[in-house]
Number of protein chains: 2
Amino acid sequence: MTDDDRVFKALADPTRRFLLDLLFARDGRTLTELESELEMSRFGVMKHLRVLEEANLVVTRRSGREKLHFLNPVPIREIHDRWIDKYTELHTTTLLELKAELEDES
Amino acid sequence: MTDDDRVFKALADPTRRFLLDLLFARDGRTLTELESELEMSRFGVMKHLRVLEEANLVVTRRSGREKLHFLNPVPIREIHDRWIDKYTELHTTTLLELKAELEDES
DNA sequence: ACGATAGGTGACCAAATGGTCACATGTCAA
DNA sequence: TTGACATGTGACCATTTGGTCACCTATCGT
């Protein structure tokens, strides 16, 4: 399993993306705190966090009996750089802004 | 299945990422041409291309009996924007530009 | 017209994935 | 020290996914 394979497989699950959303909003949460935001058992959440950690999308720090979780945005940047041409990046951004405007109108 | 779910699931497979790499290098290829770059049977490649197309990562155009495939970078950009803080990004960009200026002077 | 070429569908099977539970370890606080 | 709390492991099962094949339709060139 390559590094980028771990990252993309980690991002493939909606629960794991929701966990990243939670950490994007506020870093440094414990497993128990994250579990309380989900319908799933503690074991399910733990498994997902482990996958995110092995993909380096989440980094952790132990503090006594607690384990704090932090979002690491670096692998996300690397995805972007893989398929977004530097020269056409401006163009893509413009398309996204247009899309957002069209959706606002509806 | 939501839009973003389709995108992330599509990106989860290494063969599909390789197909995107091929199209990033050169657009407008046919199924048969893409198949020749892979070890897999035509049916396998076709299934993968279908997943990419349903995720809107690849767009197609018919030309007679051929179907031409093109890379669409927009969903990639949306992934980036979801977890990369705008302010942090600007800060990083500014630092990178400053670094480039300093290197020009030396 | 007709053989060759390009693409498409549905069924099928092996392997990977998502989720739960019984059970276990380490740490805090009174 | 002892009970409660936070996290960790391995086994287990249902569902999804990756890949192939037999068979099919549509288009090209001669």
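This report walks through a predicted model of two protein chains and two DNA strands.

## Two matching copies

Let's start with how the protein chains relate to each other. In general, two copies of a chain are related by a rotation about an axis and a shift along it. Here, turning chain A by 180°, with 0.0 Å of shift along the axis, lays it on chain B with an RMSD of 0.1 Å. That is the relation of a two-fold axis.

The contact surface fits into this picture too. Of the interface residues of chain A, 85% are also interface residues in chain B, so the copies meet through the same surface.

## Inside helix α1

Next up is helix α1 of chain A, which covers residues 3-11. Which of its residues are buried? They are A:D5, A:V7, A:F8, A:A10 and A:L11. As background, an α-helix has 3.6 residues a turn, so residues three or four places apart point the same way.

What covers these buried residues? From chain A, the cover includes α2 (14-25), α4 (42-54) and α5 (74-83). Chain B pitches in as well, with α1 (3-11), α2 (14-25) and α5 (74-83).

## Two aromatic pairs

Over all chains, the count of aromatic pairs comes to two. One of them is A:F8 with A:W83, a tilted pair with 5.9 Å from centre to centre and 50° between the planes. A:F8 sits in helix α1 of chain A and A:W83 in helix α5 of chain A, so the pair ties together parts that are 75 residues apart in sequence. Are these two residues buried or exposed? The cut-off for buried is under 20% relative accessible area. A:F8 has 3% relative accessibility, so it counts as buried, and A:W83, at 1%, counts as buried too.

Chain B has a pair of its own: B:F8 and B:W83 are tilted, 6.0 Å from centre to centre, with 50° between the planes. This pair links distant parts of the chain, with B:F8 in helix α1 of chain B and B:W83 in helix α5 of chain B, 75 residues apart. Both B:F8 and B:W83 are buried.

## Around DNA strand D

Now for the DNA. How many residues surround strand D? There are 22, and the closest are A:T32, A:R42, B:S41, B:K47 and B:H48. Of the strand D atoms that come within 4 Å of the protein, 58% belong to sugar and phosphate. By class, the surface near this strand has eleven charged, six polar and five nonpolar residues.

Some side chains get to the bases. An N or O atom in the side chain of A:R42 is 3.1 Å from a base oxygen of strand D, and for A:R65 the distance to a base oxygen is 3.2 Å. B:R16 goes for the backbone: a side-chain N or O atom is 3.1 Å from a phosphate oxygen of strand D. The elements giving two or more residues to this surface are α3 (31-35), α4 and β2 (66-71) of chain A, along with α4 (42-54) of chain B.

## Around DNA strand C

Strand C has 22 residues around it, and A:S41, A:K47, A:H48, B:T32 and B:R42 come nearest. Sugar and phosphate make up 58% of the strand C atoms within 4 Å of the protein.

What do the side chains reach here? A polar side-chain atom of A:R16 lies 3.1 Å from a phosphate oxygen of strand C. For A:K47, a side-chain N or O atom is 2.3 Å from a base oxygen, while B:R62 has one 3.0 Å from a sugar or linking oxygen. Two or more residues each come from α4 of chain A and from α3 (31-35), α4 and β2 (66-71) of chain B.

Key: Residues are numbered from 1 along each chain as its sequence is written. Chains are lettered from A and ligands numbered from 1 in the order in which they are written. This is a predicted model: local features need pLDDT of at least 70, side-chain atom pairs count only at pLDDT 80 or more; totals for chains, interfaces and linings use all residues. Side-chain values use heavy atoms; hydrogens and water are left out. Buried means under 20% relative accessible area, exposed over 50%, partly exposed in between (1.4 Å probe, protein chains only). Helices (H or I, at least four residues) and strands (E, at least two) are DSSP runs, numbered from the N terminus. Contact means heavy atoms within 4.5 Å. A residue is near a molecule or strand if one of its heavy atoms lies within 4 Å of it. A polar contact is a pair of N or O atoms within 3.5 Å; within protein, one must be able to donate a hydrogen and the other to accept it, and residues adjacent in sequence count only if both atoms are side-chain atoms. Ala, Val, Leu, Ile, Met, Phe, Trp, Tyr, Cys and Pro count as nonpolar, Asp, Glu, Lys and Arg as charged, and the others, Gly among them, as polar. Copies are superposed by least squares on the C-alpha atoms of residues with pLDDT of at least 70 in both. Rings of Phe, Tyr and Trp (its six-membered ring) pair if their centres lie within 6.5 Å; planes under 30 degrees apart count as stacked, over 60 as edge-to-face and the rest as tilted.
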